[in-house]
Amino acid sequence: PELEPYRLILYQFPVMAYARESRRIIGLHTLSAAEIERRPRSPRMFENAVALGDYAVDLHGSKKPELLELDLDRPEDIPQATFGERGTGPFSIPFECLIPEKLDGFLAAEKNISQSRLANGATRLQPSTMLIGQAAGAIAALSAKHGVQPRDLDPVLVQRVLLDSGDTLHLTPFKDVAKSGWEWPAIQLVTVRGIMSLENGYFHPAKPLSGQATAALAQRLFNTGVEPQEPVTREAFANLLKPAMKTAGVRLESAARAGRATPITRLEAAQLLAGFLQQRALARLSGREQSLGWPGLRPATPLTPQDLPPQPRRTLAEALQTLLDHHLIVSADYWIKHASEGSACDGEQVAVLLSNTAKTLHPASPEAQALDVCMSAGLFVSPDYWQENAVKGGQCSGRFVAIVIQRIAQRLGELKPSAAASPQPGTPQQ
């Protein structure tokens, strides 16, 4: 009853509180801050990765060594100054973090996985926890299907299920492999597991497999030394793999007779090796030899714009140049000075900028709907802040304005300058 005066306010609250942290299991592997650090070092690429995260290490109010687990993290791993100082971008979460060290019949997911408190500051975000939950579901389903405890499941089977559903497991964005393509799971699998490599984000699917790459994968996969030879034909590759695969419980069928002397491509090799990994896992579970057919030849899937990795974020100066090209502003000087952390922008200037943006993106829209047009374009989530501050006599956060300018430039990048609307009366003169 004492809360009754506040009932209307409480109705606006979420139905349950958001908990940043929770109890964590001790697993087969405990993820630490050093393993996900992205600056100045690179994060560890786990060959048994089942999920990715990309958030910065972000721990509120606990940046003291005595509040952390110094048997897992080091004092120098603690971020001290600005958000993201230890880097952002992809890091991997391995299968072993979901498996309890001793307890069977049980899986952890979301914030309960085996990780240090500092690592949890990066994995706790919803995109990461949803991917971890998807992985936990796949592990549970496959364990039940094969009648084994999760710890006895080959992570390859989990990775293949996740990749077949469209997941990404490699830390490096692919520049020449279509995520929508049939070849995505195989190429992801062999590169995540270090059997085949990328070259600055390129896999080169159509290139012939080199002798050096063949020697490297034989060493990695079978611990077998091979003298590099060129060219690597289908017959030579089959002769190399057959005895090693046989030892692992997989019987490989030979390549088609007509194409035995043809050099094998990297894409064809990736298909074959990914198939072997899957069949080897099944052989281990069943105790029975598995057969592997030679993959059929298929062209690589053409790339679409959605398959390309995101472009690097523009600098503010570059974003403002885009606005100049589209006649939204007549000078970048004012915005360079004021659209920054710790500064403020004149509310009327911002209002005119948003109005010009709306007219460019949607020329037929009424002036009164400018903020709605900008919100629909993804420039901000809600118009409330701008309704209150982007007015004559108001002030807008320079940081907020800089973010909006970046988003405007991104949207304008989809238009041609000639298609932009002419500046409206009241175009900011700054």
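Me: Before we start, what does buried mean here, and where does partly exposed begin and end?
Reply: Buried means under 20% relative accessible area, exposed means over 50%, and partly exposed is in between. One thing to keep in mind is that this is a predicted model.

Me: Thanks! Let's try that on Gln271, then: why does Gln271 count as buried?
Reply: Gln271 has 19% relative accessibility, and buried means under 20%, so Gln271 counts as buried.

Me: Which element is Gln271 in, and what does Gln271 touch?
Reply: Gln271 is found in helix H9. Leaving out residues up to four places away in sequence, Gln271 touches Trp182, Ala186, Pro295 and Gly296.

Me: And how many residues apart in sequence are Gln271 and Pro299?
Reply: They are 28 residues apart in sequence, and their C-alpha atoms are 12 Å apart in space.

Me: Let's zoom out. How many helices and strands does the protein have?
Reply: The secondary structure comes to 15 helices and six strands. The C-alpha trace spans about 80 × 60 × 40 Å along its principal axes. Of the 430 residues, 46% count as buried.

Me: What about contacts between residues at least 6 apart in sequence: what share joins residues at least 24 apart?
Reply: Among those contacts, 72% join residues at least 24 apart.

Me: Ok, on to H8. What length does H8 reach, and what is expected?
Reply: Helix H8 runs over residues 234-247, which makes 14 residues. From first C-alpha to last, H8 reaches 20 Å, close to the 20 Å expected at 1.5 Å a residue.

Me: Where is the kink in H8?
Reply: The kink is at Leu241 and comes to about 30°. Leu241 sits shortly before the proline Pro243.

Me: Is Leu241 buried or exposed?
Reply: Leu241 is one of the buried residues of H8, along with Arg234, Phe237, Ala238, Ala244 and Met245.

Me: What do those buried residues pack against?
Reply: The buried residues of H8 pack against two helices, H7 (211-222) and H9 (266-286), and against two strands, S3 (250-252) and S4 (290-292).

Me: And which glycine follows H8?
Reply: That's Gly249, with a positive phi near 90°.

Me: Switching helices: how many residues of H5 are buried?
Reply: Eight of the 10 residues in H5 (residues 155-164) are buried, and the helix is mostly covered. The buried residues are Pro155, Val156, Leu157, Val158, Gln159, Arg160, Leu162 and Leu163.

Me: What covers them?
Reply: The cover includes strand S1 (49-53), helix H4 (126-146), helix H6 (184-192) and H9. H9 is also one of the elements that the buried residues of H8 pack against.

Me: Now the backbone. Which residues does a cis peptide bond join?
Reply: One cis bond joins Arg39 and Pro40, with omega about 5°. Pro40 is found in the loop between helix H2 (33-36) and S1. The bond from Glu230 to Pro231 is cis too, with omega near -10°. Pro231 has its place in the loop between H7 and H8.

Me: Which residues other than glycine have a positive phi?
Reply: Glu110 is one of them, with phi near 55°, and His204 is another, with phi near 60°. Glu110 is in the loop between strand S2 (91-94) and helix H3 (117-123), while His204 lies in the loop between H6 and H7.

Me: Where do Glu110 and His204 stand on relative accessible area?
Reply: Glu110 is partly exposed at 36%. His204 is partly exposed as well, at 22%.

Me: Last topic, empty space. What is the volume of the second largest pocket, and what lines it?
Reply: The second largest pocket has a volume of about 260 Å³ and a lining of 15 residues. Ser197, Leu198, Ser210, Ala213 and Arg266 lie nearest its centre. The lining divides into eight nonpolar, four polar and three charged residues.

Me: And how many cavities of 30 Å³ or more are there?
Reply: The count comes to one. The largest cavity has a volume of about 40 Å³, and Ala33, Ile36, Glu37, Arg38, Val57, Asp77 and Arg86 line the largest cavity.

Me: How does the lining of the largest cavity divide?
Reply: That lining has three nonpolar residues, no polar ones and four charged ones.

Notes
Residues numbered from 1 in each chain as written. Predicted model: local features only at pLDDT ≥ 70, side-chain atom pairs only at ≥ 80, totals over all residues. Heavy atoms only, no water. Helix = DSSP H or I, 4+ residues; strand = E, 2+ residues; numbered from the N terminus. Expected span 1.5 Å × (residues − 1). Bend = angle between axes of the 7 residues up to and from the residue. Buried < 20%, exposed > 50% of the residue type's maximum accessible area, 1.4 Å probe, protein only. Contact = heavy atoms within 4.5 Å. 1 Å grid on protein atoms, 1.4 Å probe; cavity = no way out; pocket = protein on both sides within 12 Å on 5 of 7 lines; lining within 4 Å. Points joined across faces, edges and corners; volume = space filled by probe spheres on them. Nonpolar A, V, L, I, M, F, W, Y, C, P; charged D, E, K, R; others polar.
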